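Hello,

The structure we talked about follows below. My notes on its strands come after it.

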Amino acid sequence: SQLAQAIGELKSTVYRPYMTVLASRDQLCIHDMARKVSGSRLNTACRALTAPSRRGCKYHLAVMSPRDHENRSKALLQLLKDEPPKDIEDLTEFGMREGACPWYLTRHAASSGEVEVLFVPYNYLIDRNARDSLDLDWANDVIIIDEAHNLESICSEALSFDLTPAVRIGCHEELQKCIDKALTSSGVSFPALDELAKTDHGAAQVIGSENREALEFRLLLAMLKQIEVAIKEVSIPTANSLNVSAPLFVSHPGTFLRQLFSGVNSNGVTESSAPLVLEVLERAIDSSSGQPDRHPGHERSPDTRSSSPGFLRVLHNAIRILFNPLLSTQEKSFRSVIYPADSKNPTAERTISYWCFSPAVAMKEFLALRVRSLVLTSGTLSPMDSFACELGVEFPVRLENRHVIGADQVWAGVVC
């Protein structure tokens, strides 16, 4: 792979920086369960296995255990420093040899503030959720992006989302489980919660202030149900220009979905209430993933800060994008699209999408991190003027080599 080649070149030099690689669990997990499941199922299984109440992975405990006699992270990080640069295969061998999880260890190393060279996938830089999960300070760093011809599409995708019927149903189910869990632990009955939903007065007397999130989860679920009704009321044409019956789609300005989320009676999301809604969703994500309750000063683990495969995380990302105040002046770069999930069935449940058509929006957000230099390399960036314009970055320093194939070796024509 290109990563192995890059690290191989680093090994061939006399330079020995403190470096590490961030990759997925599919690539770094050394637990036996990695042979049975993959993708989001592996992420979910890992969270369940490493939950504080279970402590089921010895490799995880070697890096993240709160118990001093189990946690060997300091010694392991020192070994990573002292040994030659490691690619993904080397890291898994290191983990097996030392009995420590490479996935957690590499993230622990990255967040230590001592790493000099960090290899990461594109989305770890451009996607805000993934970037925030690393909890790194990017200020004054030099960022080098190889194969940068893919950067335009990655930037657009980072600020786009699709809320399919399956995702929205999954959100309902996950929130209901959070409500049931909160009610079970607090002993509050649904009738009491029904009364509380009618008025905010006397909340502490009815369920206790410490159990207020049970109400917040339920109000959030009610809001999602009302949004579902609003989605069904959107008119979609069912015949194309040839008068052949076929379900189509409806496209609106980027503000349309924000208005749809905001206009749900008094329970809608607004720019001012979005931070609170996102905080409630964070607690619901913690609850559904089996994480302990957070208190002031309590740090979430690197795992729970990372992008969860759960449906609530997808919803969290959608609301974060929709109500990001930094994007409010970029509405012309977005479109709201609603269409039947089944293209052959006009009465099918609908997918709602928010698509970004300008990579410059994501790049502007990324450059706000105050990186020292941004270096893009690729064999196919030409013409550079249009590429720089699409990204919204000037790039005052440019180097473009002549093509290895001369003009006299190329013939273009049309065969009729």
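In β7, S353 is the bridge partner of D162. This is a predicted model, in which local features need pLDDT of at least 70, side-chain atom pairs count only at pLDDT 80 or more, and totals for chains, interfaces and linings use all residues. Residues are numbered from 1 along each chain as its sequence is written, and side-chain values use heavy atoms, with hydrogens and water left out.

Strands here (E, at least two residues) are DSSP runs, numbered from the N terminus. Two of them pair if DSSP finds at least two bridges between them.

The bridge between D162 and S353 belongs to the pairing of β4 (residues 161–163) with β7, which run antiparallel and are joined by three bridges. Strand β7 covers residues 350–356, and six of its seven residues are buried (under 20% relative accessible area, 1.4 Å probe, protein chains only).

Strand β7 also pairs with β6 (residues 334–340), again antiparallel, through seven bridges. Within this pairing, P340 has R350 as its partner in β7, and I338 has I352.

What does β6 pair with besides β7? Strand β5 (residues 250–253) runs antiparallel to β6, with four bridges joining them. I338 of β6 is the bridge partner of V250, and I338 is also bridged to I352 in β7.

Because five of its seven residues are buried, β6 is largely enclosed by the rest of the structure.

Regards

Conventions:
Buried means under 20% relative accessible area, exposed over 50%, partly exposed in between (1.4 Å probe, protein chains only).
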